[in-house]
There are 2 protein chains.
Amino acid sequence: MTREVSADGPSPYAGLAPLDEDELATLRAVGRHWQRAAGDPEQWRRALPVDLGRSRYPAEIEPRRLGRIVPVAAHNGQPANAAATPAPRRRGGGPPLRRLVLGAPLASTAIARERMRKLVALPVLSADVLSSVAYAPEAMLAVLVTAGAAGVRLSIAIAAGIAVLMLAVGLSYRQTIRAYPHGGGSYIVATDNLGRVPGLAAAAGLMTDYVLTVAVSIAAGVAAITSAIPALAPDTVPIGLGVIALLLAGNLRGVRQAGALFAVPTYAFLAMMAALVTVGLAHAAGRGFHAAPQPPLHATESLGVLLVLRAFASGATAMTGIEAISNAVPAFRPTAWRNARATLTWMLVLLIALFAGTVALIHVDGVRPAPDQTVLSELAHGAFGAGPLYVCMQAATAAVLLLAANTAFNDFPRLLFLMARDAYAPRVFLRLGDRLAFSNGIIALAAAAAAIFVAFAGRTGALIPLYAVGVFLAFTLSQTGMVLRWWRRREVGWRKSLAFNAAGGALSAIVLVMAAVTKFAAGAWVAVLVVALIMMLALRIRRHYDAVRAAIALRPVAAEVPWLAVGPPRPEPRRPADERDASAEGEESPDEVRHLTIVPIASLNLASVRALAYAASLRQPVLAVHISPAEDEAERFRGYWRAWGDHLPLEVIVSPYRAVVPPLVDHVGALHRQRPDITLTVVLPELVVKRRWHRALHNDVAARLARALKPLPKTVVTTVPFHLPS
Amino acid sequence: MTREVSADGPSPYAGLAPLDEDELATLRAVGRHWQRAAGDPEQWRRALPVDLGRSRYPAEIEPRRLGRIVPVAAHNGQPANAAATPAPRRRGGGPPLRRLVLGAPLASTAIARERMRKLVALPVLSADVLSSVAYAPEAMLAVLVTAGAAGVRLSIAIAAGIAVLMLAVGLSYRQTIRAYPHGGGSYIVATDNLGRVPGLAAAAGLMTDYVLTVAVSIAAGVAAITSAIPALAPDTVPIGLGVIALLLAGNLRGVRQAGALFAVPTYAFLAMMAALVTVGLAHAAGRGFHAAPQPPLHATESLGVLLVLRAFASGATAMTGIEAISNAVPAFRPTAWRNARATLTWMLVLLIALFAGTVALIHVDGVRPAPDQTVLSELAHGAFGAGPLYVCMQAATAAVLLLAANTAFNDFPRLLFLMARDAYAPRVFLRLGDRLAFSNGIIALAAAAAAIFVAFAGRTGALIPLYAVGVFLAFTLSQTGMVLRWWRRREVGWRKSLAFNAAGGALSAIVLVMAAVTKFAAGAWVAVLVVALIMMLALRIRRHYDAVRAAIALRPVAAEVPWLAVGPPRPEPRRPADERDASAEGEESPDEVRHLTIVPIASLNLASVRALAYAASLRQPVLAVHISPAEDEAERFRGYWRAWGDHLPLEVIVSPYRAVVPPLVDHVGALHRQRPDITLTVVLPELVVKRRWHRALHNDVAARLARALKPLPKTVVTTVPFHLPS
């Protein structure tokens, strides 16, 4: 069975890095060293008191009981559903509910890749960018009205500028598709061509972008609903949180980019927008393109360059998601890059048409942003009245915005996966959940988006200033990376491609600076700060993982020490301190481990005697330790110990301040300092209760001691449980 | 050195029960059994690779740096302060602050008992009961005014009834002092003479009483302050919580019932009250005992029997704390019981005089409860005007109420200690903190009192209905116990004592029923419910501890099995399942322990190879287990294992749903079912990070696995730490 593992596809193997030749050689050297210490492997095999042979968990695959909402496409001809089995039984409560909400687990072999036709790919990949015409023109207008009628008149010109920008960036991404047929997200392109830090900057920009996509799309979607049903307006925040919870559950369940699910609302939205623009312009033509009378505007700001730039940056949020197709090239049918390019062209045409049409309609209708309904809703009212067509328009808008939010739920966890694979994000984001979804990334996105949504009370307008920085940072770095790539490689046609990317990159850079500067006080500073923090955190995470990797790497054995048999306890030759191996932890083969087992004993009962028996059965030197609050109690305990037979060495420590854990930790530390070459095993008897509330009735000395011993060098903690009957 | 351990004094030894003869015999039998298995003790002693000899923690006693606020009385002639040393160093943050607030730890030998003179004992032990004249007459009046002027006129009669009750209960407690010279708290007396359940009822009643004493005293104390400074009234709750925090810190520090600290405010309060009554009555005499004109009262309730009884029950809260002297007989100088009796008599005289005087003064002044100041404050204004005498009055009242609350901080943890010693309360309440205070009980009381105080917003009047039930339940059970005691023992003078106790018990019982019935809806139901819950909980705790005691008791060895040497690994003779020892856990000597060590390995790195080396060095059979998400990854891992040398048996489990912990737990369980006689030791390599936030960067598989393995029978968990450099 061969698996198709793409460069950046999700994989359950990502946490298990294959070894290179050097590492293999080291492994063999370590093994040879071990051989001398541990003796014949066959002897170890014969000593095994159990039969082996279990090799799969869960052992049997039973027919599934709960189906899935969205079928996963076939893999190797088999329907993927065959790999969905009932839940393996887990400990603890909840699984039945969990299964009901999330469905049965999916086997790793069920990873499948949908190969999309262009007509399916278009709605799937462009829901995000096309839906942004539902809020971007309004965001632009909201800036312009502050400068009064003169400002509003500029909207056509600014929209034209944005259309040029869209074209430039779109053409630029056509080059990326060609160059990265396995998917060229900004993180990959920037890392690949510009290096670590620019790659991280692009990733951080994208991460903020995805979080804001969810928040803004849901805010705009809820606004589309409350425009139609104003009574729902006070419940904006709960509705939005409900939608986020729905997306969370759906994505944890593993709802893939299922074609039909996306095609219907996106095409419906396109159709309704087309109808809106057509009908609206026809009306306007009917009245000779004279705007409906509007109350005069009071300019609160002067119409300066800064205001125009701010309007431009706000309107440019319509471009968020334009990079989606270049990320998803492998999802197209062959020849993938060709189909992807064609789809991108179509998307660009539709985007520019919708954006321009909307702005034009706003202009001729003279519509202004209102507090209680969206501009799109006002336009729809103007064109369709309040009838069923208006309801369809609002429903299609809300649906396509919901899908746009869902896109982020696909992309954000995937980005975190890529970062985690490169050790820039915690390893938990590598984990494929039992539904083959990156559950941790999905949860992280939902949590971040919900926090942002609540913090901004679900107001689209307040979120827009944060939005542009991340997006255009990613665009800029990605396009700059492409420019460098063309320059370095000089493949056929590189000049043209370089020119396109340079244009796209330059324009993106300008918009980035524009957005960061003009909206800094309005909220862009948050985005800048977050991007910087994410980058810093990612670098620190990487540094930690690098240190761990170096620390746990197998090392070639320097000096091969003569073999020492480890048998039943016998007097250990006392070596002076300077002869001893001073390295704190160095035992990589059994003969290098010398033992002393320490058993803390509070009183002589069945649990502690079993711990003593366990310790003694290891046939290594044993030392029992008793902590006593006073000298006379200590004497009494020694008496009991003698009554028992004084079978093992006992040390009694008087702790007049009645502390138990600190003297034991101190004592273990002292023993380590006395013989740093010895591994100390602390055997702790631990009472295990059946019911949770019973825990409060027992001192958790064993757990506290285990925690306190953890930082001590060469100290192993062994917990011998004693199960209480009730 | 001999220690004076009283029957119910606090002791650091309470958790360490001495063994009786049967237990000692069992211990010897268990030891003989061990002897055959483990061989010569001298061999074990010689095998020990370290020197012993540490016997004290902390090792040196350095001169103290932080003194204590209140000196502890001398023990065996030495000043107790000599036993206060600087804090032993503990792991983790906080100790310096902790030491600053709580002081250096005190050695167990510093437990000392103050022997009080009568003149000191009187203020120490009567602050609680005497201070209640600050709120009890007002509580009574608050009920009576609802029946209008006719109701108020009854106050003298009801007060006379309460005085009779005080006398009866006080005389009754004189008998208890005689009979229980080591201290006869209600819990002890009721348990001793009536049995477990009545004893627990008395304890539960006292516990609610102590919590309410704190809440009510502080509420009344804050009311005394806000009466004088009305601007502070809105801050009642924060002020009260601050006072509780102060009492908490002081008591954790171990402020004992230090004579002078208590004597000054209590005597000051007595003096001020005497002055108040004298001056007030003199004024009244001057105007011919005609009450000052008051606005007419509107009766909102009819003057029925129920209302009178309710007023009586409210006024009777003046008696809370009357039992304090009988609890504390050993604290008196010899002959203790004689001095205690004399002090009780004095206390009774003062209590009745103050209570009667206050009620009389209220009557002649015609004072009514007001929302913004206490009745006592009104009386003081009437007698002293607004000058310095008034301020002194209010300050003395607040101070004595604070001391009354402090009394509960001495008694509640002591009661919990007694209950824990009898296994009716969690063992944590046995623990003497390093300042020789029952820290856990003190914290529990502060938390409960703070919760009640906040819930009732610090309003004294609202708390009163809850108060009487617990107190009079304890009184009734204690006196009934005494009656039974006299009847059974028939010592000299038993008839008279029985008569006094019977009278006190009967009257208490009547008041108990009265309080529970008439104030049931007003809040007494809470007290009744809490008492019932505490009793139920105590019985369930006892049942659990009894089960634990039985489970961990050493058992005489039934059949002495022939000795089996446990050496280096060798093939284990396979016995059929029915021959094996079916008992889940039974190994009480080393030869009965058969081992299989299981090492879960995620990848071959330094940490896991060290865990393997540790496991192999124990020279018991070892099985390495690898969990793989897919068959081909499993094959790759087997390849690495062979490259290493295939030194140890390896089992690879394919877990296609990518779960790690469940398949391991399942596998360990399966191995146990295959050979239930074998002890399975799971050796877990665990990465230990230096910084807390780094924990988020590592899967906590080791910790999760350890938790999941805990319920499995005969499964020992060994954690081999690997310390990361940064």
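Rings of Phe, Tyr and Trp, the last by its six-membered ring, pair if their centres lie within 6.5 Å. By that rule, Tyr173(A), Phe472(A) and Phe475(A) form one aromatic cluster. The model is predicted. This briefing covers its aromatic pairs, an open sheet of 10 strands, and the surroundings of Thr226(B).

**Aromatic pairs**

- Over all chains, the structure holds 14 aromatic pairs.
- One of them joins Tyr173(A) to Phe475(A). The arrangement is edge-to-face, with 5.8 Å centre to centre and 75° between the planes.
- This pair links distant parts of the chain, 302 residues apart. Tyr173(A) sits in helix H7 (residues 155–179) of chain A, and Phe475(A) in helix H18 (residues 460–489) of chain A.
- Tyr173(A) and Phe475(A) are both buried.
- Trp487(B) and Trp494(B) also form an edge-to-face pair. Their rings lie 5.8 Å apart centre to centre, and 75° separates the planes.
- Trp487(B) has 49% relative accessibility, so this residue counts as partly exposed. Trp494(B) is buried, with a relative accessible area of 12%.

**The sheet**

- Ten strands would be hard to follow without their order: S3(A)-S2(A)-S1(A)-S4(A)-S5(A)-S5(B)-S4(B)-S1(B)-S2(B)-S3(B). The sheet is open and its pairing is mixed.- The edge strands are strand S3 (650–654) of chain A and strand S3 (650–654) of chain B. Each of these pairs on one side only.
- From one strand to the next, the twist averages 25°.

**Strand S1 of chain A and its partners**

- Strand S1 (residues 594–600) of chain A runs parallel to strand S4 (residues 678–688) of chain A, and 5 bridges join them. Within this pairing, Arg594(A) stands opposite Ile678(A) in S4(A).
- S1(A) also pairs with S2(A), in the parallel sense, over 4 bridges. Here Ile598(A) stands opposite Leu623(A) in S2(A).
- How many residues of S1(A) are buried? The count is 6 of the 7, so S1(A) is largely enclosed by the rest of the structure.
- S1(A), H21(A) and S2(A) together make a right-handed β-α-β unit.

**Helices on the sheet**

- Helix H21 (residues 606–617) of chain A packs on the sheet. In chain A, this helix touches S1, strand S2 (622–628), S4 and strand S5 (715–723). In chain B, it touches strand S1 (594–600), strand S4 (678–688) and strand S5 (715–723).
- The direction of H21(A) makes about 150° with that of S4(A).
- Helix H21 (residues 606–617) of chain B lies across strands of both chains. These are S1, S4 and S5 of chain A, together with S1, strand S2 (622–628), S4 and S5 of chain B.
- H21(B) runs at about 150° to S4(B).

**Thr226 of chain B**

- Thr226(B) lies in helix H9 (residues 196–228) of chain B.
- Is Thr226(B) buried or exposed? Its relative accessibility is 9%, and buried means under 20%, so Thr226(B) counts as buried.
- The side chain of Thr226(B) reaches the backbone oxygen of Ala223(B) at 3.2 Å.
- Beyond its neighbours within four places in sequence, Thr226(B) is in contact with Leu232(B), Ala233(B), Thr236(B) and Asp372(B).

Definitions and conventions
Residues numbered from 1 in each chain as written. Chains lettered and ligands numbered in written order. Predicted model: local features only at pLDDT ≥ 70, side-chain atom pairs only at ≥ 80, totals over all residues. Heavy atoms only, no water. Pairing = 2+ DSSP bridges. Helix = DSSP H or I, 4+ residues; strand = E, 2+ residues; numbered from the N terminus. Axes fitted to C-alpha atoms, helices over the stretch in contact; angles between N-to-C directions. Contact = heavy atoms within 4.5 Å. Buried < 20%, exposed > 50% of the residue type's maximum accessible area, 1.4 Å probe, protein only. Right-handed = clockwise from strand over helix to strand, strands pointing away. Polar contact = N/O pair within 3.5 Å; in protein donor to acceptor, adjacent residues only side chain to side chain. Phe/Tyr/Trp six-rings, centres within 6.5 Å; stacked < 30°, edge-to-face > 60°.
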